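Here are some notes to read with the structure open beside you. Take the points in any order you like after the opening one.

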Amino acid sequence: MDVSGASGQPRSGDDQPTDHPAVPTPPPPASEAPAPTEDGQDTDTVGPETETETPDTGAGEAGADKAEADGTKTAEGPRDPATDPHETHRTLAHTEPPTGPTPGMAKGEPPRPPKEPGGGILMGRPFGVPVYVAPSWFLVAALITWVFGGQLDRVLPELGAARYLVSLFFAVAFYASVLVHELAHTVAAIRFKLPVRRIQLQFFGGVSEIEKEAETPGREFVLAFVGPLLSLVLAGLFYLAMKPVQPGTVPGVLLAGLMVSNLIVAAFNLLPGLPLDGGRMLRAVVWKITGKPMSGTVAAAWVGRALAVAVLVGLPLLNSSGGLGGGTEETGGMDTVTDALLAAILAAIIWTGAGNSLRMARLREHLPELRARTLTRRAVPVETDTPLSEALRRANTAGARALVVVDADGHPLSLVRESAIVGVPEHRRPWVPVSSLAQDLTDAMRVSAELSGEELLDALRAAPATEYLVVENTGEIYGVLSAADVERAFVKAMARPS
């Protein structure tokens, strides 16, 4: 963002713009840190700063009196996200070495939602959405080929070894039907202007990765229902195609198998528990009734977990009792083990998917709390040849916790890295210029004060850095945003109950 018109003086931290550059009210200087807790850490911090007491020395009042004598009105700068509402403040002069980053996050990198595993083999881009085949698909394709081949041997024994080629064709055609199911979700998402990251065909079906939530429960219901609806339509088409085909032939067996498999896919996905489509439909209904999307997610997720337990216990019992079409006398020990294994895998997928749905809903619920304006640190401008000790003195006097290196005209050039300050011993700071500890500013490191939620995280991920310059829409400097503060706020938000 262009900041060529900025004066170099950080603006007020209030959400409303001021008519003049703000001069932060100088607090008293810090003298000593509080005693650590039993585990040696401050109880309300997860970051590189310590909390310091502020004894009354009169320096703060003297600075305020001087500002009034000069005719300059004092105003609050950006709210310091690490400062609590008590009579304490944090200073750059008394920083500690940064603690390690949150597990799963690179140091200095803003938090991000959990990543999915690798996409697999790219098969195409229908409607501009990449379709991947995961490596696990080949395992399930081999399993379908083996199982369906055994059934063909009983129905069409004259095929011989060729039955496995027919079975492989059935496996590919079945997953083509699954792809149509997922494309139905994708087309509906595109219709509702929801970005779709990719479609992935994998073990036990497919996944359409829609990156944003539907805006209304009605759209959520439609988005979930179109998938099973297309599976039912495909089952009907395969049934109509069977009519002119002679039973007991290869085409007749294939069409019958595809009809039954699509009916099973539709019925299974209509079960009312996350992560299944029926769970999303249940979520939409509860969302509509309560007016709270999170309530719908919680209800559907716990129904999904109940379904997982039912599958784990009920599926082997149902199959052994002949409820799925087989007689009890045909059930052997190996069949029982196979049924139990498949039921355990399916139950684990449903249980894990329900838990992931809860975590993603909590993430989306708390993301709007991450606002650049409220997380920004108050900053003071310093010129390139300013000694570090003098820059820290000015920052502490102003109650600021960030330094912006500016030129003679007040235009920002770089940001002093907090980690670099920590590495300079106190006795060397009078001889170290701030420019030697600064990171040059790029356009991507200029962040609008109006950003929040996913937009803020996307902006930070586009230019990984430890500090960012936060500017108003006019280009005026608002303050400095630390990636550590964003990470800390993200972790605290996710830890709070919904």
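1. Start with the surface. Phe221, Phe225, Leu229, Leu232, Val233, Leu237, Tyr239, Leu240, Leu263, Leu270, Val285 and Ile289 make up a nonpolar patch there, with a joint accessible area of about 1000 Å². Two or more residues of the patch come from each of α4 (217-242) and α6 (277-290). Helix α4 gives the largest share, 8 residues.

2. A word on the terms. A patch takes residues with over 30% relative accessible area and no salt bridge, joining nonpolar side chains (Val, Leu, Ile, Met, Phe, Trp, Tyr) within 5 Å and like charges within 9 Å. A salt bridge is a side-chain nitrogen of Lys or Arg within 4 Å of a carboxyl oxygen of Asp or Glu. Areas come from the Shrake-Rupley method with a 1.4 Å probe, and for residues only the protein chains shown count as cover. Helices (H or I, at least four residues) and strands (E, at least two) are DSSP runs, numbered from the N terminus.

3. Keep in mind that this is a predicted model: local features need pLDDT of at least 70, side-chain atom pairs count only at pLDDT 80 or more, and totals for chains, interfaces and linings use all residues. Residues are numbered from 1 along each chain as its sequence is written, and side-chain values use heavy atoms, with hydrogens and water left out.

4. Now look at two residues of α4. Leu229 sits in this helix and is partly exposed, at 34% relative accessible area. Ser231 is also in α4, but it is buried because its relative accessibility is 1% (buried is under 20%, exposed over 50%, partly exposed in between, with a 1.4 Å probe and protein chains only). Apart from neighbours within four places in sequence, Ser231 touches His181, Asn262, Val265 and Ala266, where contact means heavy atoms within 4.5 Å.

5. Is Phe127 buried or exposed? Phe127 is exposed, with 57% relative accessible area, and belongs to the loop between β3 (121-124) and β4 (131-133). Beyond four places in sequence, its contacts are Leu183, Val187 and Ile190. Ile190 is 63 residues away along the chain, yet the two C-alpha atoms are 8.7 Å apart.

6. Last, the hairpin. Strands β12 (residues 467-471) and β13 run antiparallel, joined by 5 bridges; strands pair if DSSP finds at least two bridges between them. Glu467 has Ser482 of β13 as its bridge partner. There are 5 residues between the strands, and Gly475 in this hairpin has a positive phi near 95°. Strand β13 (residues 477-482) is largely enclosed by the rest of the structure, because 6 of its 6 residues are buried.
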